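Let's take a look at how one helix sits in its chain, and then at how the two copies go together.

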There are 2 protein chains.
Amino acid sequence: MAQQKQFVREIADINENFPQWYTDVVLKTQLVDYGPVKGTMVIRPYGYAIWENIQRELDARFKATGHQNCYFPMLIPHSLLLKEAEHVEGFAPEVAMVHIAGGEKLSEPLVVRPTSETIFCNMFSKWINSYRDLPMKLNQWANVVRWEKTTRPFLRTSEFLWQEGHTIHATRDESFQETIDMLHLYHDFARDVLAMPTFIGQKSEKEKFAGAEATYGMEAMMLDGKSLQAGTTHHFGQKFSKAYDITFLDKDSTHKHVWQSSWGVSTRLIGAIIMAHGDQRGLVLPPKIAPVQVVVIPVASHKPGVIEKATEVANELRNAGIRVELDTRDQSPGWKFNEWEMKGVPVRLEVGPRDIENGVATYSRRDTCTKDTMPLENIADSAKALLDEIQTAMYQKSLAFRDSHVKYAHTMEELGQILDDKCFAKVVWDEDPECEAMFKDKFQATVRVMLDEEPFQDVCTCCGKKSDHLRVAIVARAY
Amino acid sequence: MAQQKQFVREIADINENFPQWYTDVVLKTQLVDYGPVKGTMVIRPYGYAIWENIQRELDARFKATGHQNCYFPMLIPHSLLLKEAEHVEGFAPEVAMVHIAGGEKLSEPLVVRPTSETIFCNMFSKWINSYRDLPMKLNQWANVVRWEKTTRPFLRTSEFLWQEGHTIHATRDESFQETIDMLHLYHDFARDVLAMPTFIGQKSEKEKFAGAEATYGMEAMMLDGKSLQAGTTHHFGQKFSKAYDITFLDKDSTHKHVWQSSWGVSTRLIGAIIMAHGDQRGLVLPPKIAPVQVVVIPVASHKPGVIEKATEVANELRNAGIRVELDTRDQSPGWKFNEWEMKGVPVRLEVGPRDIENGVATYSRRDTCTKDTMPLENIADSAKALLDEIQTAMYQKSLAFRDSHVKYAHTMEELGQILDDKCFAKVVWDEDPECEAMFKDKFQATVRVMLDEEPFQDVCTCCGKKSDHLRVAIVARAY
């Protein structure tokens, strides 16, 4: 118990100091470390394994919906960035620039990609001739650099990993549908894989992507009641295709500009998982993305047959496709229990002499911190069923938490109270930017997404005016 | 036939102009395109799918041998690069530098990684305390930038994709063994997956990696008789661990510097595959890395039942785990045959009315360009067996080609003749740098690797002197 306390003490109190809790957890579970350049992070094996699991699940979904992977150069000519006016205005302040390469000053400075619309457009304009070449639905897994003032591991770093999809189409309907389809793909992925309910909907004019006609976002509620933008999809209409001159010969023998979308999620998702599911003991990882799904710990391992049985169990689970770790390190079981709990492993299996005698293994569920036993016979089937149960339970728990933390704000007074109670507010908004500015000024809150819901009152929550364009929106404080 | 000729004419003659053939093939099969910045390439979906297959196969092998993936920042403080003298001398001329980011001049310029030894060492020195932390065997899949004067898609571009393994160990024996083990892992991978025989062995002092104690290389023979360095592994001894102060407390309670290795292969492997297996019609891809393993082409598809049967066959193959494409485009079968041949798809299956009547599909093997039929019943099994056969046959063909193009050079005169005959030469070499310089000056050839073979004569092929240190080496012209 002394050890346990000591271990737990290393992590700040989740209720008292959530930001410090987050920092403690990401560093102490060795998900990341700070890199030598300010604002950069090293993603360590335990963190990277989560990213690999996210990649595998998402990539399969992208391919199943007709997208192809590719890789575009990271260095973009500065002049290419300048072609779309809003886009350059949005990204120019954050870019890293290369002026010298190979010992020589370059004739034109290069931009390290903050996102790749400009260079995709440049190549699309070369590749596309006729309607037969459309749609072209590409994706790349890549690193991007955005030089931001404040930094936080996974949430905001000067370099991060992501995927960026870029698609072009012959008609507006098709590119718009792609924008919406990918938003739903992200939403379903978050629900089914990350066990994380999200709100999806259109972003406000102010919050949309630089150069987009419309941006859609996926917002997840963190345990401190703040919102985290976990993914976005953008509809460009023909804004970029006109700026970069991407045309095709249509069936009616006329030349037309293509219609375009882009969409992305990043290593930020790892931050979302941590803050949506964690607890005082550390990480709580959904089985589908946990690098280790089951840890097997021999108890009283000096007793005859214990190591052998623990090894046998681990192998049986591994052969059944479960990601399993057998912990035979020279440490006490208690020490190991704490470590694997902090690391959020969904199931801990203890194999000791008494368990073996009874033909069972003792298990502990990370999500509920409850203990029980399962038979050693067909243990892989039991473990799989338990992992599925945990995955579902984690989603249900998150959903219940979220639903109990979303409240209707009929007035600004109510809105302030809701936000101070660490909840999301549903407001009715007339899309007036002045009201949006008021949310920010008064409450440091922003319009996260506008929902496809009927307004619950006939006046704007902020200004109290009637309008033909009332929308229900989520207003929250955000990461 | 007119179409076929026209198609083939688009590719330069492989015997007359091999470099142009290569460029034609990579561009026309849409493996790559040139990026907007000189020296950069866009890896298009067909090329990237090959890289994904390479990654999947290699990554499984890395993990099976106890390596873990991670991701390190791309931007390295300039001062960090300067710590190991030989290393900086080797890489400084090629680096791209960031001086401005986020609109401000940085206090210290940053280097875009040309390789990541320096930043791995920087973190190792923070992470390692005791022998319990060792070995640490990390790998990352990443992009790197090296600003080179001459460029060629896949072979030499200013940015490329690769994996870089970085491992640290408690003893010299262990780090040395890792260096050798990974060399053999690459060799076996090239043989079993790329169907490509390679020579492996130590590099000369002149050719070794900047900062390494010893470098080992894997060299493959291209169809023009030139050698391509397809992978390298490096043993650093304690050179970097002393420069970056990476120490651990050993079991004997003394502080020691760790022993280190690194190793990598890159998208260059795609260039190797093209030049090791291609022919006049274009690409010839080994089944294990082919993005499309079988293409199904309906013949006389307006006839009743043809499209249906072709679709059924394609689905059956897909369900059996074969990467299959059903080509129902509105083009003639001949046009499609040419396109898929150029793209190197291992097996083409034609499904026409007569085939269906006879209960068969007509197939064409890309490696031999021979045609035959296979029964429609259990067609997935037949197709799998055929793919395996092609994989093996391609390796045997490459091996026979290579073995018939390696000759013993007893004298410089013989060496010149062998190289002019577009062969590799085995020489006996006394490791004198002057002899190495002579190979270069007289024949534009280099020592590729030193082999673990007994010298076939007792004097150096170059200088004719006797020596205690005679080594058998491969001398060849190289990419």
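## One helix and two copies

The buried residues of helix 10 of chain B pack against five elements of that chain: strand 15 (294–298), strand 16 (324–326), strand 17 (347–351), strand 18 (360–365) and helix 13 (379–403). Keep in mind that this is a predicted model.

So which residues of helix 10 of chain B are buried? They are Ala310(B), Val313(B), Ala314(B) and Leu317(B). Look down the axis of helix 10 of chain B and these buried residues fall within an arc of 100°, so they line one face of the helix. Flip to the other side of helix 10 of chain B and you find Glu308(B) and Asn319(B), which are exposed.

Here are the residues of helix 10 of chain B sorted by setting:

| Residues | Setting |
|---|---|
| Ala310(B), Val313(B), Ala314(B), Leu317(B) | buried |
| Glu308(B), Asn319(B) | exposed |

As for its span, helix 10 of chain B (residues 306–319) has 14 residues and reaches 20 Å from first C-alpha to last, close to the 20 Å expected at 1.5 Å a residue. Just after helix 10 of chain B comes Gly321(B), with a positive phi of about 90°.

Now for the pair. Chain A lands on chain B after a rotation of 180° with 0.0 Å of shift along the axis, at an RMSD of 0.0 Å. The two copies are thus related as by a two-fold rotation axis. Which residue of chain A comes closest to the rotation axis? That's Val98(A), with its C-alpha at 2.3 Å. And 100% of the interface residues of chain A are interface residues in chain B too, so the copies meet through the same surface.

Conventions:
Residues numbered from 1 in each chain as written. Chains lettered and ligands numbered in written order. Predicted model: local features only at pLDDT ≥ 70, side-chain atom pairs only at ≥ 80, totals over all residues. Least-squares fit on C-alpha atoms with pLDDT ≥ 70 in both. Contact = placed C-beta atoms within 7 Å. Helix = DSSP H or I, 4+ residues; strand = E, 2+ residues; numbered from the N terminus. Expected span 1.5 Å × (residues − 1). Buried ≥ 20, exposed ≤ 12 C-beta atoms within 10 Å, placed from the backbone. Arc of directions from axis to C-beta.
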